[in-house]
Amino acid sequence: MGYTGKTIGTAGRRTLMIAQGMARGIAADRFARFPIGASGPVRTNHPAFVYGHLTLYPARALHCAGLESNPLRPPEGFEDLFGPNAECRDDAEGTLYPGMDQVKSALYETTELCLEIIEGMKDEDLETPTAIERYRERFPTAGEAVAFLLGAHAAFHLGQVSAWRRIEGLGPAF
């Protein structure tokens, strides 16, 4: 195990713990709904969208790291529902998005497996050029791309869940 993989793993597990905490207290029937503020529904990313979106990135992180045999695949349909160009929609009928347990499990399991793999990588593996060309200008090395995707990118979106919780009246997760 290299230092870089260990560092990414430590930070990634903390981010995963934040995701798990942010989900506490959210009712399944509100998970894919816009929050209700003082003047009605607020068009913002709801937890289902955020967690589904983040489920896509452990596989991308391993792709950035250049793994030839990437064992991670997002669940079928997640790319269309939660990809970077997808629109978050209010799911009043509960028919647009998978259920809360499925979405949360997909995020938690793919992230944990990704972190285990990254932690086992050597430093020199994570110092290679980012394998996804469009990321290379911002993140020249695989380690930089992986650290961003599993850290700052995830934390940014979890901040949206924090705001959603406040609008819904759930208060802080921690």
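Helix H2 is largely enclosed by the rest of the structure, because nine of its nine residues are buried. The model described here is predicted. In it, the protein has seven helices and two strands, and helix H3 (residues 57-64) is also largely enclosed, since seven of its eight residues are buried.

**Helix H2**

- The buried residues of H2 are Pro47, Ala48, Phe49, Val50, Tyr51, Gly52, His53, Leu54 and Thr55.
- The cover over these residues includes H1, H3, H4, H5 and H7.
- Thr55, which is one of the buried residues of H2, is also a contact of Ala106.

**Helix H3**

- Tyr57, Pro58, Ala59, Arg60, Ala61, Leu62 and Cys64 are the buried residues of H3.
- Their cover includes helix H2 (47-55), helix H4 (78-82), helix H5 (100-119) and helix H7 (142-168).
- H2 is thus part of the cover of H3, and H3 is part of the cover of H2.
- Gly66, just after H3, has a positive phi of about 75°.

**Ala106 in helix H5**

- Ala106 belongs to helix H5, a helix that helps to cover the buried residues of both H2 and H3.
- Is Ala106 buried or exposed? Its relative accessibility is 9%, so Ala106 counts as buried, the cut-off being under 20%.
- Apart from neighbours within four places in sequence, Ala106 is in contact with Thr55, Pro75 and Phe78.
- Ala106 and Ala28 lie 78 residues apart in sequence, and their C-alpha atoms are 16 Å apart in space.

**Arg30 in a loop**

- Arg30 sits in the loop between helix H1 (3-23) and strand E1 (36-37).
- Why does Arg30 count as buried? The relative accessible area of Arg30 is 18%, and buried means under 20%.
- The side chain of Arg30 reaches the backbone oxygen of Phe34 at a distance of 2.8 Å.
- If residues up to four places away in sequence are not counted, Arg30 touches Pro35, Ile36, Trp164 and Glu168.

**Glu144 in helix H7**

- Glu144 is part of helix H7, and H7 is among the helices that cover buried residues of H2 and H3.
- With a relative accessible area of 37%, Glu144 is partly exposed, because this value lies between the 20% limit for buried and the 50% limit for exposed.
- Glu144 and Leu126 are 18 residues apart along the chain, with 8.0 Å between their C-alpha atoms.

**The whole protein**

- The order of helices and strands along the sequence is α-β-β-α-α-α-α-α-α.
- A compact globule of 174 residues would have a radius of gyration near 16 Å, and the protein agrees with this because its own value is 16 Å.
- The C-alpha trace spans about 50 × 30 × 30 Å along its principal axes.
- Of the 174 residues, 48% are buried.
- Among contacts between residues at least 6 apart in sequence, 73% join residues at least 24 apart.

**Surface and charge**

- The protein exposes about 8900 Å², and 53% of this comes from carbon and sulfur atoms.
- How far apart are the mean positions of the positive and negative charges? The protein has 17 positive and 22 negative charges, and their mean positions are 6 Å apart.

Key: Residues are numbered from 1 along each chain as its sequence is written. This is a predicted model: local features need pLDDT of at least 70, side-chain atom pairs count only at pLDDT 80 or more; totals for chains, interfaces and linings use all residues. Side-chain values use heavy atoms; hydrogens and water are left out. Helices (H or I, at least four residues) and strands (E, at least two) are DSSP runs, numbered from the N terminus. The radius of gyration is taken over C-alpha atoms; the globule rule is 2.2 Å times the number of residues to the power 0.38. Buried means under 20% relative accessible area, exposed over 50%, partly exposed in between (1.4 Å probe, protein chains only). Contact means heavy atoms within 4.5 Å. Accessible areas come from the Shrake-Rupley method with a 1.4 Å probe; for residues, only the protein chains shown count as cover. Lys and Arg count as positive and Asp and Glu as negative; His and the chain ends are not counted. The place of a charge is taken as NZ of Lys, CZ of Arg, CG of Asp or CD of Glu. A polar contact is a pair of N or O atoms within 3.5 Å; within protein, one must be able to donate a hydrogen and the other to accept it, and residues adjacent in sequence count only if both atoms are side-chain atoms.
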